[in-house]
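Would you like to get to know a new protein by working through it yourself? Take a look at the structure, then try each exercise before reading its solution.

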Amino acid sequence: MTLTADQIPGYRAGTWKIDATHSEVGFAIRHLAISKVKGKFEQFDATFVTGENPLDSSVTAAAEVASINTNEKNRDGHLRTGDFFEADQFPQLTFTSTGVRVVGGDFKVDGDLTMRGVTKPVTFDFEFGGFGDDTYGNYKAGFTAVGVVKREDFGLTWNAPLEKGGFLLGDDVTITIDVQAALVQ
């Protein structure tokens, strides 16, 4: 499929850097089999290259594991240990896209996610928020990407049984990335 830039209002080909003050890399996981715990990574970076054909676009991104924040200090400390991310040995989560496609009118971004030294293919559902100038004259793009991974596929296998049955943590982790990026060239 060929998609041209003029089919997306405001689209521009070029290189974009993430605006971390207006972006978030978050996650959610089932907890106690009754609710979800959410968290985010406070330190992250990404570069996006948009092609003349939007389907030729790419992204590389990284999040610092030590910056994990679930609003509970003890849990955050536990998540940095060998039971989970093993932050000392594997300080970053990384994502490198391998392709962009359209399925039923919706954008999908495929790529390789590396977590705890394990690389697996993942797909993010991608939603454009739009394009426009900020008050400082920078040209910005906004979007949201959502994907679901199985934590055990990445070696995050720690769990604890519950008295009523089931386990403390769910298998699926929903990753939600809300981004505002500036065109730099």
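The exercises below go from the whole chain to single residues in this predicted model.

**Exercise 1. The overall build**

Find out how many helices and strands the protein chain has, and in what order they run.

*Solution.* Start by counting: the protein chain has one helix and 11 strands. Next, follow the chain from the N terminus, where the order reads β-β-β-β-β-β-α-β-β-β-β-β. Now turn to compactness: the radius of gyration is 18 Å, close to the 16 Å that the globule rule gives for 185 residues, so the chain is as compact as a globular protein of that length. Along its principal axes, the C-alpha trace spans about 55 × 35 × 30 Å.

**Exercise 2. Inside and outside**

Work out what share of the residues is buried, and which residues touch the most other members of the largest nonpolar core.

*Solution.* Begin with the share: 39% of the 185 residues are buried. The chain exposes about 10,100 Å², and carbon and sulfur atoms supply 51% of that area. In soluble globular proteins, nonpolar side chains tend to be buried together. Here the largest nonpolar core has 44 residues, and F41, F48, F85, L113, M115 and V149 touch the most other members. Then pick one of these and list its partners: beyond four places in sequence, F85 touches F41, V65, I68, L79, F90, L93, M115, R116 and L156.

**Exercise 3. Aromatic pairs**

Describe the aromatic pair of W16 and F131, and say which parts of the chain the pair links.

*Solution.* The whole structure holds 14 aromatic pairs. In the pair of W16 and F131, the ring centres are 5.9 Å apart and the planes stand at 50°, which makes the pair tilted. W16 belongs to strand β1 (residues 14-18) and F131 to strand β9 (residues 118-133), so this pair links parts of the chain 115 residues apart. W16 counts as buried because its relative accessibility is 2%, under the 20% limit.

For a second case, take F27 and F41: their ring centres lie 5.7 Å apart with the planes at 45°, so this pair is tilted. F27 sits in strand β2 (residues 24-31) and F41 in strand β3 (residues 35-41), 14 residues apart. Both F27 and F41 are buried.

Finally, look for a wider group: W16 and F131 belong to one aromatic cluster that also includes Y11, F48, F107, F126, F128, Y139 and F143.

**Exercise 4. A lysine in a strand**

Is K140 buried or exposed, and which side chain does its own side chain meet in a polar contact?

*Solution.* First locate K140, which lies in strand β10 (residues 139-150). Its relative accessibility is 9%, so K140 counts as buried. The side chain of K140 makes a polar contact with the side chain of D19 at 2.7 Å. Beyond four places in sequence, the residues in contact with K140 include W16 and F131, the two partners from Exercise 3.

**Exercise 5. A serine in a loop**

Find where S67 is placed and which backbone atom its side chain reaches.

*Solution.* S67 is in the loop between β5 (58-64) and β6 (68-69). At 8% relative accessibility, S67 is buried. Its side chain reaches the backbone nitrogen of Q43 at 3.0 Å. S67 and Q43 are 24 residues apart along the chain, while their C-alpha atoms are separated by 5.8 Å. Leaving out neighbours within four places in sequence, S67 is in contact with K40, F41, E42 and Q43.

Definitions and conventions
Residues numbered from 1 in each chain as written. Predicted model: local features only at pLDDT ≥ 70, side-chain atom pairs only at ≥ 80, totals over all residues. Heavy atoms only, no water. Helix = DSSP H or I, 4+ residues; strand = E, 2+ residues; numbered from the N terminus. Buried < 20%, exposed > 50% of the residue type's maximum accessible area, 1.4 Å probe, protein only. Polar contact = N/O pair within 3.5 Å; in protein donor to acceptor, adjacent residues only side chain to side chain. Contact = heavy atoms within 4.5 Å. Core = buried A, V, L, I, M, F, W, Y, C linked by side-chain atoms within 4.5 Å. Rg over C-alpha atoms; globule rule 2.2 N^0.38 Å. Areas by Shrake-Rupley, 256 points an atom, 1.4 Å probe, with all protein chains shown as cover. Phe/Tyr/Trp six-rings, centres within 6.5 Å; stacked < 30°, edge-to-face > 60°.
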